[in-house]
Amino acid sequence: MPFLYDINPWNFAGEGIGLCVGLAACGAAWGIWSCGSAMAGTAVISGRIAMRDIMNLILCEVIAIYGLIMSLVLNGRITYQSGPFDRNAYHAGYAIYFGGIVQGMCSFSAGIAIGIVGSCISVVCHRDADMFFKLLIVQIFSELIGIMGLLVCLLMSMRAKFSNS
């Protein structure tokens, strides 16, 4: 694996930050698309949009905000230096890279899960409003996937320091 030492560690850190925010935004967009299409379908049938449908869209948008917050946190851990890179710089670059991937993939998965459950909530609660709180539990667990990714990303990048000091 000596070829990994030829790559600038800031490239890995930058890619991790980009993947963190990009995958989170894609997952939120997918969830909004799924919830929005179901919400539009039920609004055509019933003639109204319920607050529970809007809540699904808000939960999807929160997933994108998780990715944005973590990308700002990861970007704050980067300190630039020139010259030969020591093992701390490589450790920090890889920690930020994989932390960004974990947060991005968890947010992507949570966005898809919230979209699927949110579209089910829109359709099922259109017929039976008593099912809302039962399905809300499933949606909260879908949101916890994104929160878990946020915590794992923080733990992975906590000791990422590019310099010896």
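This is a short dialogue on reading a predicted model of one protein chain.

Q: Which secondary structure elements does the protein chain hold, and how many of each?
A: Start with the element count. The protein chain has four helices and zero strands. Read from the N terminus, the order is α-α-α-α. Helix α1 covers residues 9–46, and helix α2 covers residues 51–76. Helix α3 spans residues 87–127, and helix α4 spans residues 132–157.

Q: What does the radius of gyration of the protein chain say about its form?
A: Set the value against that of a globule. A compact globule of 165 residues would come out near 15 Å, but this chain has 20 Å. The box along the principal axes agrees with an elongated reading: the C-alpha atoms fill roughly 65 × 25 × 25 Å.

Q: How many of the residues of the protein chain count as buried?
A: Take the fraction over the whole chain. Here 41% of the 165 residues are buried. The accessible surface is about 8900 Å², and carbon and sulfur atoms own 71% of that area.

Q: Where in sequence do the contacts of the protein chain reach?
A: Sort the contacts by sequence separation. Take those between residues at least 6 apart; 87% of them join residues at least 24 apart.

Q: How many positive and negative charges does the protein chain carry, and where are their mean positions?
A: Count first, then compare the centres. There are 8 positive and 8 negative charges. Their mean positions lie 7 Å apart.

Q: How many disulfides does the structure hold, and why?
A: A disulfide is a covalent bond between the sulfur atoms of two cysteines. The structure holds zero disulfides. Test cysteine 106: its closest cysteine sulfur is in cysteine 153, at 9.3 Å, so the pair is too far apart for a bond. Test cysteine 125: its closest cysteine sulfur is in cysteine 120, at 9.9 Å, which is also too far for a bond. The cut-off for a disulfide is 2.5 Å between the sulfur atoms.

Q: Is cysteine 125 buried or exposed?
A: Check the relative accessible area. Cysteine 125 has 2%. It counts as buried because the limit for that class is under 20%.

Q: Which residues does serine 122 touch, beyond its sequence neighbours?
A: Drop everything up to four places away in sequence, then list what is left. Serine 122 touches Ala38, Met39, Thr42, Asp53 and Asn56. Serine 122 itself sits in helix α3. At 3% relative accessibility, serine 122 is buried.

Q: Is aspartate 53 buried or exposed, and which residues is it in contact with?
A: Look at the accessibility, then the partners. Aspartate 53 is in helix α2. Its relative accessibility is 5%, so aspartate 53 counts as buried. Beyond four places in sequence, aspartate 53 is in contact with Met39, Thr42 and Ser122. Met39 and Thr42 also appear among the contacts of serine 122.

Q: How are alanine 40 and serine 122 placed in space and along the chain?
A: Compare the two separations. The residues are 82 apart along the chain, and their C-alpha atoms are 9.3 Å apart. Alanine 40 belongs to helix α1. With a relative accessible area of 40%, alanine 40 is partly exposed.

Q: Which residues does serine 119 touch?
A: Use the contact list again. Serine 119, in helix α3, touches Ser34, Cys35 and Ala38 once residues up to four places away are set aside. Ala38 is also one of the residues that serine 122 touches. The C-alpha atoms of serine 119 and glycine 36 are 7.7 Å apart, with these positions 83 residues apart along the chain. Serine 119 is buried, at a relative accessible area of 16%.

Q: What separates serine 109 and isoleucine 145 in sequence and in space?
A: Read both numbers. They are 36 residues apart in sequence, and 7.4 Å apart from C-alpha to C-alpha. Serine 109 lies in helix α3. At 36% relative accessibility, serine 109 is partly exposed.

Q: Where does phenylalanine 132 lie, and which residues does it touch?
A: Place the residue, then list the partners. Phenylalanine 132 is in helix α4. Beyond four places in sequence, phenylalanine 132 touches Arg52, Met55, Ile121 and Cys125. At 12% relative accessibility, phenylalanine 132 is buried. Methionine 70 is 62 residues away along the chain, and the two C-alpha atoms are separated by 31 Å.

Definitions and conventions
Residues numbered from 1 in each chain as written. Predicted model: local features only at pLDDT ≥ 70, side-chain atom pairs only at ≥ 80, totals over all residues. Heavy atoms only, no water. Helix = DSSP H or I, 4+ residues; strand = E, 2+ residues; numbered from the N terminus. Rg over C-alpha atoms; globule rule 2.2 N^0.38 Å. Buried < 20%, exposed > 50% of the residue type's maximum accessible area, 1.4 Å probe, protein only. Contact = heavy atoms within 4.5 Å. Areas by Shrake-Rupley, 256 points an atom, 1.4 Å probe, with all protein chains shown as cover. Lys, Arg positive; Asp, Glu negative; His and termini not counted. Charge placed at Lys NZ, Arg CZ, Asp CG, Glu CD.
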